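The following account leads the reader through one protein chain, from its overall make-up to individual residues. Please keep the structure in view while reading.

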Amino acid sequence: MATETLEFQVEARQLLHLMIHSIYSNKDVFLRELVSNASDALDKLRLAALRDDTLGADVSDLHIEIDIDREARTLTVRDNGIGMSYDEVSRLIGTIANSGTAAFLKELREAKDGAGADGLIGQFGVGFYSSFMVADEVTLLTRRAGETQGTRWTSRGEGTYTLEAVDEAPQGTSVILRVKPADPEDQLHDFTDRWKVKETIKRYSDFITWPVRLLPEQGDGEDTPEPETLNSMKALWARPRNEVSDDEYHELYKHISHDWRDPLETVRLQAEGTFEYQALLYIPSHAPHDLFTQGYQRGVQLYVKRVFIMDDCEELLPPYLRFVKGVVDAQDLSLNVSREILQQDRHILMMQRRLTKKILSTVKDMRVSAPDRYATFWREFGAVLKEGLITDPDNRDALLAASSFASTHDAEEPTTLTAYAERMKDGQDDIYYITGDSRQALENSPHMEAFGAKGIEVLLLTDPVDEVWVDAVGEYDGKKLRSITKGEIDLGADDDEIADTEKEKRTEEYAALLAWMTERLAEDVKAVRLSSRLTVSPACVVSDADGLTPALENMYRAMGQEVPKTKRILELNPGHQLVKALNEAHGRGEEATALTETVELLYGLAILAEGGQPADPGRFVKLVAERLERAL
């Protein structure tokens with residue numbers, strides 16, 4: 001059969017240009033595409049040979065070969081798979097060449113950044129034509145298994161391509177690229193460089209089923225080295241658990257994460273049915289130093305049928321699981337999947353939901369069955385996991401079940417909300433908590449005094465995210481989460497406590513002082529009142545029940561959000577000698593300046609006690625120094 005020379009239509013040339021520059025921003029992926037096509041061809045031949053005993057194809061050594069000729073500047077990707085007939089080459093490889101209709105091109109252009117291209121163009125056509133990113137000329141030589149005649153297709157990617165039948169062609173398909181010179185400005189590497197080819201195969205095609213062999217360089221000697229197999233073919237996620245050792249799992253983790261330590265936990269998942277995928281995920285044993293920085297690279301590796309697609313697929317896990325490393329291998333996604341597609345694909349969303357639930361259930365099980373490993377996990381990743389309590393209400397129950405919190409119940413062991421609720425005292429309706437910078441500071445907080453005296457457990461929350469999630473969650477198992485630094489606290493009265501009439505009497509006794517102090521501190525506080533939460537300290541500062549804490553205000557300001565200054569409430573301990581003396585001095589009408597300074601000091605001490613800073617530190621220090629001087 002004579003050679004046919006066919007012309008690309010105008011639209012087809014535009015289409016080729018659009019694909020190369022829109023779908024593939026990274027030119028290295030052409031080799032991934034060609035190796036993936038070759039792997040598919042080998043899969044098809046193995047299946048065809050099982051179905052048809054008369055096929056007569058040799059399936060004893062199915063493999064992919066890479067052949068580099070530096071002098072001729074050619075790179076050949078060859079397989080001994082199913083191959084193609086003349087008609088199949090014309091139809092499949094001509095998908096682009098013969099599809100130059102205005103309507104087809106219009107549909108492709110409407111697909112955002114090539115995102116819809118994989119639904120319009122056959123995968124083989126897309127992958128094959130990516131070769132023109134790195135080659136001046138591409139030749140395809142193929143023969144279908146069971147046939148005697150081969151086919152050669154050649155094009156320079158410009159105006160024409162040729163198609164001819166040939167008598168001499170091995171079974172399978174060879175794609176021969178006449179490689180362009182390296183162009184660093186265009187991010188084009190030299191693909192006659194053996195090291196670069198090895199690195200690219202290792203990166204993108206390490207886990208495909210079939211061996212990828214690099215043929216040796218032709219030397220002058222008689223002894224020719226054996227071909228070098230470039231890929232490991234060890235897709236651990238596809239092998240049964242009992243066939244893989246922990247050491248092998250750990251080595252894969254180190255390869256993926258570049259972490260020299262073993263992972264804390266390995267999570268396997270296999271989904272079958274209408275959408276099949278396998279996942280092998282790892283929980284690290286320590287948090288990276290940049291986990292909370294804006295530029296942290298999160299996401300797991302995404303493969304499609306063991307072919308590497310991307311290193312950091314963020315869509316497969318929510319941001320609060322950004323510390324998880326691993327591999328997800330989907331069977332039904334396109335090789336040309338883009339980030340735009342990932343964000344909208346319902347299968348990806350289904351995968352994210354299931355992977356998230358699996359990881360959270362693993363953490364919960366670890367808390368019960370391996371408390372030491374869980375303690376390590378919570379120390380390293382508890383703060384980031386709690387972000388999910390704010391951002392993922394659908395999984396909030398699972399997140400709370402996987403979470404634990406420091407509390408006054410035990411100085412060493414954290415507690416769960418379930419365990420806290422089981423220990424609540426009779427008549428206690430709320431789960432109490434306090435937020436701050438450290439456990440020591442919280443335990444010494446004036447707000448804790450009445451709770452300590454009555455033996456009521458309080459959660460000690462010291463991560464910045466705690467300020468936010470407690471408001472977002474609000475309650476647990478019908479019990480309100482309540483800050484002991486907000487609103488009025490009524491812990492109930494014991495028989496030996498002051499009766500209601502006595503409280504009313506004391507309120508009346510201090511009414512004049514409270515009104516005067518409220519006036520003097522009007523710029524800083526909205527009210528001064530007597531406290532039921534203090535037993536030792538003279539004063540403390542509290543927020544309204546629905547108000548923002550100072551730490552939360554500072555957090556919002558650090559994020560660039562304008563937050564109006566909130567006036568808080570100063571509470572006095574009527575049983576403290578300093579407060580009693582202040583009330584008596586005010587009742588005697590002592591000199592206003594000295595009393596005002598005392599009130600300033602009292603308010604400043606309350607601010608310091610909760611870890612804050614007086615509005616005017618210099619004046620506060622001066623007043624303290626003067627009082628100390630007078631006392632000596």
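The paragraphs below treat the chain as a whole, then its cores, its helix packing and a few single residues.

The model is a predicted one. Its protein chain has 22 helices and 23 strands. Of the 632 residues in the protein chain, 49% are buried. Among contacts in the protein chain with a separation of 6 or more, 71% join residues 24 or more positions apart.

The interior may be considered next. The largest nonpolar core has 134 residues. Those with the most contacts inside this core are Leu75, Leu177, Phe323, Phe377, Leu385 and Trp469. Helix H2, which covers residues 29-51, supplies the largest share of this core, with nine residues. Apart from this core lies another, of 22 residues. Tyr510, Val579, Leu582 and Leu602 are among the residues of that other core.

Leu385 offers a view into the largest core from a single side chain. Leaving out residues up to four places away in sequence, Leu385 touches Tyr320, Leu321, Phe323, Leu360, Phe377, Trp378, Leu399, Ala402 and Ser403. Of these, Phe323 and Phe377 are also listed with Leu385 among the residues with the most contacts inside the core.

Leu385 and Phe377 also take part in a helix pair. Two packed helices are described by the angle between their axes and by the distance between those axes. Helix H10 (residues 346-369) packs against helix H11 (residues 371-385) at an angle of about 140°, and their axes are 8 Å apart. Because the angle falls neither under 35 degrees, nor over 145, nor within 65 to 115, H10 is oblique to H11. The crossing of H10 past H11 is left-handed. On the H10 side, the contact is made by Leu360, Val363, Met366, Arg367, Val368 and Ser369. H11 contributes Pro371, Arg373, Tyr374, Phe377 and Leu385. By class, the residues of the contact of H10 with H11 comprise eight nonpolar, one polar and two charged.

A second helix pair involves residues of the other core. The axes of helix H20 (residues 577-588) and helix H21 (residues 592-609) come within 11 Å and cross at roughly 155°. Since angles over 145 degrees count as roughly antiparallel, H20 is roughly antiparallel to H21. H20 passes H21 in a left-handed crossing. Leu578, Leu582, Ala585 and His586 of H20 meet Leu595, Thr598, Val599 and Leu602 of H21 in this contact. Six nonpolar and two polar residues form the contact of H20 with H21, with no charged residues. Leu582 and Leu602, named in this contact, belong to the core of 22 residues.

H21 has a further partner. With helix H22 (residues 617-631), H21 packs at an angle of about 115°, the axes being 10 Å apart. This crossing too is described as left-handed. The residues contributed by H21 are Ala594, Glu597, Thr598, Glu600, Leu601, Gly604, Leu605 and Leu608. Those from H22 are Arg619, Phe620, Leu623, Val624, Arg627 and Arg630. The contact of H21 with H22 divides into seven nonpolar, two polar and five charged residues. Thr598 of H21 appears in this contact and also in the contact with H20.

Two phenylalanines illustrate contacts between parts of the chain that are separated in sequence. Phe405 lies in strand E15 (residues 405-407). With a relative accessibility of 2%, Phe405 counts as buried, because the cut-off is under 20%. Beyond its neighbours within four places in sequence, Phe405 is in contact with Lys386, Pro414, Thr415, Leu417, Leu459, Leu461 and Trp469. From C-alpha to C-alpha, Phe405 and Gly382 are 9.2 Å apart in space, while 23 residues apart in sequence.

Phe275 is found in the loop between strand E10 (265-271) and strand E11 (277-283). At 6% relative accessibility, Phe275 also counts as buried. Phe275 and Gln331 are 56 residues apart in sequence, yet 7.4 Å apart C-alpha to C-alpha. Apart from residues up to four places away in sequence, Phe275 touches Ala330, Asp332, Leu333, His347 and Met351.

Finally, two loop residues deserve attention for their backbone angles. Arg73, in the loop between strand E2 (64-69) and strand E3 (74-79), has a phi near 55°, a positive value in a residue other than glycine. Arg73 counts as partly exposed at 23% relative accessibility. Met233, in the loop between strand E9 (228-229) and helix H8 (246-257), has a positive phi near 60°. At 31% relative accessibility, Met233 counts as partly exposed.

How values were computed:
Residues numbered from 1 in each chain as written. Predicted model: local features only at pLDDT ≥ 70, side-chain atom pairs only at ≥ 80, totals over all residues. Heavy atoms only, no water. Core = buried A, V, L, I, M, F, W, Y, C linked by side-chain atoms within 4.5 Å. Buried < 20%, exposed > 50% of the residue type's maximum accessible area, 1.4 Å probe, protein only. Helix = DSSP H or I, 4+ residues; strand = E, 2+ residues; numbered from the N terminus. Contact = heavy atoms within 4.5 Å. Axes fitted to C-alpha atoms, helices over the stretch in contact; angles between N-to-C directions. Left-handed = near helix turned anticlockwise from the far one by under 90°. Nonpolar A, V, L, I, M, F, W, Y, C, P; charged D, E, K, R; others polar.
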